[in-house]
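Trainee: I would like to learn how to read the pockets of a protein and the surroundings of a bound molecule. Could you take me through an example, step by step?

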Amino acid sequence: MVNLILFGPPGSGKGTQAAKLVEKYNLLHISTGDLFRSEIKNETALGLKAKHIMTTGELVPDEITVGMLRNKVLANPDVEGYIFDGFPRTIPQCEALNQLLSENSEEVTLLIELEVEDEEIVKRLLHRAKTSGRADDADESIIKNRLEVYKAETVPVSDFYDKLGKTVRVHGQGTIDEVFSRLSNEIDSTIVC
Ligand code: ADP
């Protein structure tokens with residue numbers, strides 16, 4: 001199996017690139033942000049818990065996020081691999097993912113980090129707000145909070161996998177196709193070796 005983590009700040013293009021990678025490599029895309037938004041839309045108990053937290057830009061507690069992710073993985077065992085998008089976002093989530101994969105003698109293959117400057121992120125998210133309807137995209141102070149949370153709680157995830165020799169960093173600016181070809185090159189060189 002190929003178990004990829006697509007990593008990067010909010011608005012770095014993870015969702016856009018994941019959609020293209022899924023087609024090329026035949027993997028299942030799991031976005032915890034999308035899973036939460038679907039729970040909110042369906043007004044589930046989990047959605048109700050996550051809703052307020054998400055509109056402030058803070059992280060949903062690990063036990064809620066990990067439980068939801070685990071259910072999604074266990075419900076889809078017959079796949080060639082996964083693209084995790086927006087997960088793991090904290091060190092306890094890294095440990096939970098390692099545990100979950102190791103139950104099937106699997107491990108994280110590669111973490112690819114999309115590097116995008118803060119200024120570009122704010123621009124992209126404010127633009128996305130016009131069509132996404134996401135409250136967390138529409139307000140610059142919430143975007144700034146998401147970036148702070150990313151730096152404080154999520155950047156250590158990339159270092160965690162770096163210590164295992166599994167992190168690669170890719171320039172996330174340029175056209176969608178340019179970024180996609182950088183990602184594909186990294187994946188191809190890892191899978192071949
Ligand atoms: P983005 O990558 O643009 O910030 P996402 O759609 O991935 O947006 O996530 C939106 C929100 O959902 C986050 O700000 C956070 O509140 C919540 N969320 C998503 N994934 C996680 C996670 N792994 N752990 C905790 N909270 C999460």
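Mentor: We will begin with the ligand and its neighbours, and then turn to the pockets. Please keep in mind that this is a predicted model.

Trainee: Which residues around the ligand come nearest?

Mentor: A sensible start is to list the residues that have a heavy atom within 4 Å of the molecule. In this model there are 19 residues around the ligand, and those that come nearest are Thr32, Arg37, Glu58, Gly86 and Arg146. Sorted by class, this shell holds seven charged, six polar and six nonpolar residues.

Trainee: Which helix gives the largest share of the shell?

Mentor: That is helix α2, which spans residues 32-41 and contributes four residues to the shell around the ligand.

Trainee: How should I read the polar contacts, and what distances do they have here?

Mentor: For a polar contact, one looks for a pair of N or O atoms within 3.5 Å. A polar backbone atom of Glu58 lies 2.6 Å from an oxygen atom of the ligand, while a backbone N or O atom of Val60 is 3.1 Å from a ligand nitrogen atom. With Arg89 it is the side chain that takes part, since one of its polar atoms lies 3.0 Å from an oxygen atom of the ligand. As for cover, the ligand taken alone exposes 550 Å², and the protein buries 97% of that.

Trainee: In which pocket does the ligand sit, and what lines that pocket?

Mentor: The ligand sits in the largest pocket, whose volume is about 840 Å³. Its lining consists of 41 residues, and Pro10, Gly11, Lys14, Arg128 and Arg134 are the ones nearest the centre of this pocket. Several elements each supply at least two residues of the lining, among them α1 (14-25), β2 (28-31) and α6 (118-132). By class, the lining of the largest pocket divides into 19 polar, 12 charged and 10 nonpolar residues.

Trainee: What is the volume of the second largest pocket, and which element gives the largest share of its lining?

Mentor: The second largest pocket has a volume of about 220 Å³, and α3 gives the largest share of its lining, with three residues. At least two lining residues come from each of α2, α3 (45-56) and α7 (135-138). Residues that line this second pocket include Arg37, Lys51, Met54 and Asp136, and by class the lining has four charged, three polar and three nonpolar residues.

Trainee: So Arg37 appears twice, once among the residues that come nearest the ligand and once in the lining of the second largest pocket.

Methods. Residues are numbered from 1 along each chain as its sequence is written. This is a predicted model: local features need pLDDT of at least 70, side-chain atom pairs count only at pLDDT 80 or more; totals for chains, interfaces and linings use all residues. Side-chain values use heavy atoms; hydrogens and water are left out. A polar contact is a pair of N or O atoms within 3.5 Å; within protein, one must be able to donate a hydrogen and the other to accept it, and residues adjacent in sequence count only if both atoms are side-chain atoms. Accessible areas come from the Shrake-Rupley method with a 1.4 Å probe; for residues, only the protein chains shown count as cover. On a 1 Å grid over the protein atoms alone, a cavity is a set of points where a 1.4 Å probe fits but cannot get out, and a pocket is an open set with protein on both sides within 12 Å along at least five of seven lines; lining residues have an atom within 4 Å of a point. A molecule sits in a cavity or pocket if more than half of its atoms lie within 2 Å of its grid points. Ala, Val, Leu, Ile, Met, Phe, Trp, Tyr, Cys and Pro count as nonpolar, Asp, Glu, Lys and Arg as charged, and the others, Gly among them, as polar. Grid points are joined across faces, edges and corners, and a volume is the space filled by probe spheres set on the points.
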